[in-house]
Amino acid sequence: MRPFRTKERERAIKRGLEFIYLMAQDEELFDVWGHDLLNCFCFISRTALDPALRRAARKVGRERGRRWREKYPSLPRAMDAGTLYEHIHATYALDRLGLRDAALKEQLRHAGRRVTVRDFFYFDPKTEPPPADATEPCEGCGLLNERGRRTCRQCRRRLEVINRYRLWYDALIATYNCERVGLLVGARYVDVLKWLPVMRPYCGRDGDDNADFYDCLYAVSHVVYTLNDYSLYRLKPGWLPQEYEFLKANMQGAIETEDPDMMGEFLDSLKAFGLLDSHPLIRTGMDFLLSRQNADGSWGDVDAEDVYERYHPTWTAIDGLRDYAWRGERLSFPRLMPKLLAMNRQSQG
């Protein structure tokens, strides 16, 4: 079968990357989202099959990475759990872009010892699964309230409950990054992954009746990403059978929601399981993305006030459209294979 819309995809990807780079050059935006944007450039530069795309992503990633190093020659003095997370996230990308800083990494290790596991994850993955009663810090006064409260004990403002799937995939990302840069903040990746049987089965969109659908998809995609080193390796469907079946069964839900961000994560996760451009699901998803690119090269809502909703759908759309330079089939942490297979047996039982 002939390659699928190759030239159109290449043009769309090039325009999308140029849009993200322009956003990353905005210093105010980079102050807030630089840690994530560095990972965008890092992942594309490591895993793209197209050599020109790899070179372009590495070039802009290193340029923005040097800017990050100029801004943060040392860690900020005000170092809460959220700030620590951002610097660990950035350090993961900077290491792989060839911009290592051993002294700053040692500062991260010291900072990590001062943060409690509940501050960092909102729960303790070593002893409990992601809970359904954790809340965001209060929007009014910033207080992190104890679990189970619905109003802030300090200012009485209504609190926002954090979806348990979101708690889980945030913890997967955080512990993966920590292990990759040689840090420990209260829990290891295996402590978070071990709750896989508890989080299964995942529910589809069911029209608009499943409020968890969005976070279920991102939980599934980040199980895939953290187990395949963010698209370095392919995974066998039998290693994650329920996640594979969920993705295949629910792509139509992403189309119905008109969400390119979601579609991008569906596509690159399915490609990780070996689906090729010739597969109808992959072609349907790429058709959707190519038809939804904005005039400025981005994807998503051009009127969105949240900057994340401008660059992140563009990043995931690029990932959904591009080809990958896979390095064989394996897990990012090969030692976890026996545990993963045991989790599958537990889920079946």
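Colleague: So a helix here is a DSSP run of H or I with at least four residues, numbered from the N terminus. With that settled, which helices each supply at least two residues of the lining of the second largest pocket?

Modeller: Bear in mind that this is a predicted model. Helix 1, residues 6–24, and helix 3, residues 51–71, each supply at least two residues of that lining.

Colleague: Which helix gives the largest share of the lining?

Modeller: Helix 1 does, with eight residues.

Colleague: What volume does the second largest pocket have?

Modeller: About 410 Å³. It is lined by 17 residues, and the closest to its centre are E10, I13, K14, D50 and L53.

Colleague: How does that lining divide into nonpolar, polar and charged?

Modeller: Nine of the lining residues are nonpolar, seven are charged and one is polar.

Colleague: Switching to salt bridges, how many are there?

Modeller: The count comes to 31. One of them joins E27 to R67, with the closest N and O atoms 3.3 Å apart.

Colleague: Where do E27 and R67 lie?

Modeller: E27 is in helix 2, which covers residues 27–47, and R67 is in helix 3, so the salt bridge ties together parts that are 40 residues apart in sequence. Both residues also belong to a network of salt bridges that links E27, E63, R64, R67 and E70.

Colleague: Are those two buried or exposed?

Modeller: In between. E27 has 30% relative accessibility, so it counts as partly exposed, and R67, at 26%, counts as partly exposed too.

Colleague: And what does E256 pair with?

Modeller: E256 forms a salt bridge with R205, the closest N and O atoms being 2.6 Å apart. E256 sits in helix 11 (residues 241–256) and R205 in the loop between helix 9 (196–199) and helix 10 (213–227), so this pair ties together parts 51 residues apart in sequence.

Colleague: Why does R205 count as buried?

Modeller: Because its relative accessible area is 16%, and buried means under 20%. E256, at 44% relative accessibility, counts as partly exposed.

Colleague: One more: how far apart are N and O in the salt bridge of D296 and R310?

Modeller: They are 2.9 Å apart. D296 lies in the loop between helix 13 (280–291) and helix 14 (308–321), while R310 lies in helix 14, 14 residues apart.

Colleague: Which of the labels, buried or partly exposed, does each get?

Modeller: D296 counts as partly exposed at 37% relative accessibility, whereas R310 counts as buried at 9%.

Definitions and conventions
Residues are numbered from 1 along each chain as its sequence is written. This is a predicted model: local features need pLDDT of at least 70, side-chain atom pairs count only at pLDDT 80 or more; totals for chains, interfaces and linings use all residues. Side-chain values use heavy atoms; hydrogens and water are left out. On a 1 Å grid over the protein atoms alone, a cavity is a set of points where a 1.4 Å probe fits but cannot get out, and a pocket is an open set with protein on both sides within 12 Å along at least five of seven lines; lining residues have an atom within 4 Å of a point. Grid points are joined across faces, edges and corners, and a volume is the space filled by probe spheres set on the points. Ala, Val, Leu, Ile, Met, Phe, Trp, Tyr, Cys and Pro count as nonpolar, Asp, Glu, Lys and Arg as charged, and the others, Gly among them, as polar. A salt bridge is a side-chain nitrogen of Lys or Arg within 4 Å of a carboxyl oxygen of Asp or Glu. Buried means under 20% relative accessible area, exposed over 50%, partly exposed in between (1.4 Å probe, protein chains only).
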